[in-house]
Amino acid sequence: MTQEIVELERRITAALDRIGQGLSDLGPQAEAEVGEGTEIEELKAALEDEKLVTAQLEERIKTLHARQDGKLAEVTAKVEEQAGAMAKLDTELQRLRAANEQLRASNVALREANEHGVGDAHLINKAMQAELEALRAARAADAAETGTILSALEPLLEDDQGEGA
């Protein structure tokens, strides 16, 4: 694309140089003798052709810029979506870590109570609640991780289906 623009600029410059050279060669007296000046008309036609080609290239460039902006917006949206999924996964993993820490503390307290021969129902209940919370947090973390993986795979699957069609 850049090479085409450079080539067009070169052609326009050459056409303008030819026009300038033609005008200086003709001069006022030669122009009167030549009448309409066929060379001048040819140069004007060449200049008009170059203007048309330049306008077409400018339109192509605008179209390419519009396409590129659309792709950029699409990629930006996907990145934001991935960032949201990662934030959710991080939140669920933090919850899992906290629940596991609570479970460990409850189990330590339960073991100490059993060592002393005191079977405290409250400690057993607290340990069971901590274990249930750890299981819920693990399930939520797994779901968030699965969601993150799926959202990362969706564009790849869409691209593969688009190529296969």
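A salt bridge, as the term is used here, is a side-chain nitrogen of Lys or Arg lying within 4 Å of a carboxyl oxygen of Asp or Glu. E133 forms such a salt bridge with R95, and the closest N and O atoms of the two are 3.0 Å apart. The pair links distant parts of the chain, since E133 belongs to helix α3 and R95 to helix α2, with their positions 38 residues apart.

The structure is a predicted model, in which local features need pLDDT of at least 70 and side-chain atom pairs count only at pLDDT 80 or more, whereas totals for chains, interfaces and linings use all residues. Residues are numbered from 1 along each chain as its sequence is written, and side-chain values use heavy atoms, with hydrogens and water left out.

The overall plan comes next. The protein has three helices and zero strands, and along the sequence it follows the pattern α-α-α; helices (H or I, at least four residues) and strands (E, at least two) are DSSP runs, numbered from the N terminus. Helix α1 covers residues 2-34, helix α2 covers residues 38-115, and helix α3 covers residues 121-164. Helix α2, with its 78 residues, reaches 114 Å from its first C-alpha to its last, which is close to the 116 Å expected at 1.5 Å a residue; the expected span is 1.5 Å times one less than the number of residues in the helix. Just after α2, G117 takes a positive phi of about 80°.

How much of the protein is buried? Buried residues make up 19% of the 165 residues, where buried means under 20% relative accessible area, exposed means over 50%, and partly exposed lies in between (1.4 Å probe, protein chains only). The protein exposes about 12,400 Å², and carbon and sulfur atoms supply 56% of that area; accessible areas come from the Shrake-Rupley method with a 1.4 Å probe, and for residues only the protein chains shown count as cover. Contacts, meaning heavy atoms within 4.5 Å, often join parts that are well separated in sequence: among those with a separation of 6 or more, 82% are between residues 24 or more positions apart.

The interior can be followed through α2 and α3. The largest nonpolar core has seven residues, namely L96, A99, L103, A130, A134, A137 and A141, a nonpolar core being a set of buried Ala, Val, Leu, Ile, Met, Phe, Trp, Tyr and Cys residues joined through side-chain atoms within 4.5 Å. The elements that give two or more residues to this core are α2 and α3, and the largest share, four residues, comes from α3. Leaving aside neighbours within four places in sequence, A137 is in contact with E92, R95, L96 and A99. Farther along, T148 also lies in helix α3 and counts as buried because its relative accessibility is 8%; not counting residues up to four places away in sequence, T148 touches Q82, A85, M86 and L89.

Charged pairs form another part of the picture. Side chains of opposite charge can pair when their charged atoms come close. The structure holds seven salt bridges. In the pair already met, E133 is partly exposed, with a relative accessible area of 24%, and R95 is partly exposed at 32%. Salt bridges that share partners join E92, R95 and E133 into one network.

Other salt bridges lie within one helix. E7 forms a salt bridge with R10, with the closest N and O atoms 2.5 Å apart, and because these residues are three residues apart in helix α1, they are separated by about one helical turn. In helix α2, E48 and K51 are likewise three residues apart, about one turn of the helix, and they form a salt bridge whose closest N and O atoms are 3.8 Å apart.

Helix α1 also holds E4, which counts as partly exposed because its relative accessibility is 39%. The C-alpha atoms of E4 and L57, 53 residues apart along the chain, are separated by 8.5 Å, and E4 touches L57 and R60 when residues up to four places away in sequence are not counted.

On the surface, I149, L153, L156 and L157 make a nonpolar patch of about 380 Å². Patches are made of residues with over 30% relative accessible area and no salt bridge, with like charges joined within 9 Å and nonpolar side chains (Val, Leu, Ile, Met, Phe, Trp, Tyr) within 5 Å. L157, placed in helix α3, is exposed, with a relative accessible area of 51%.
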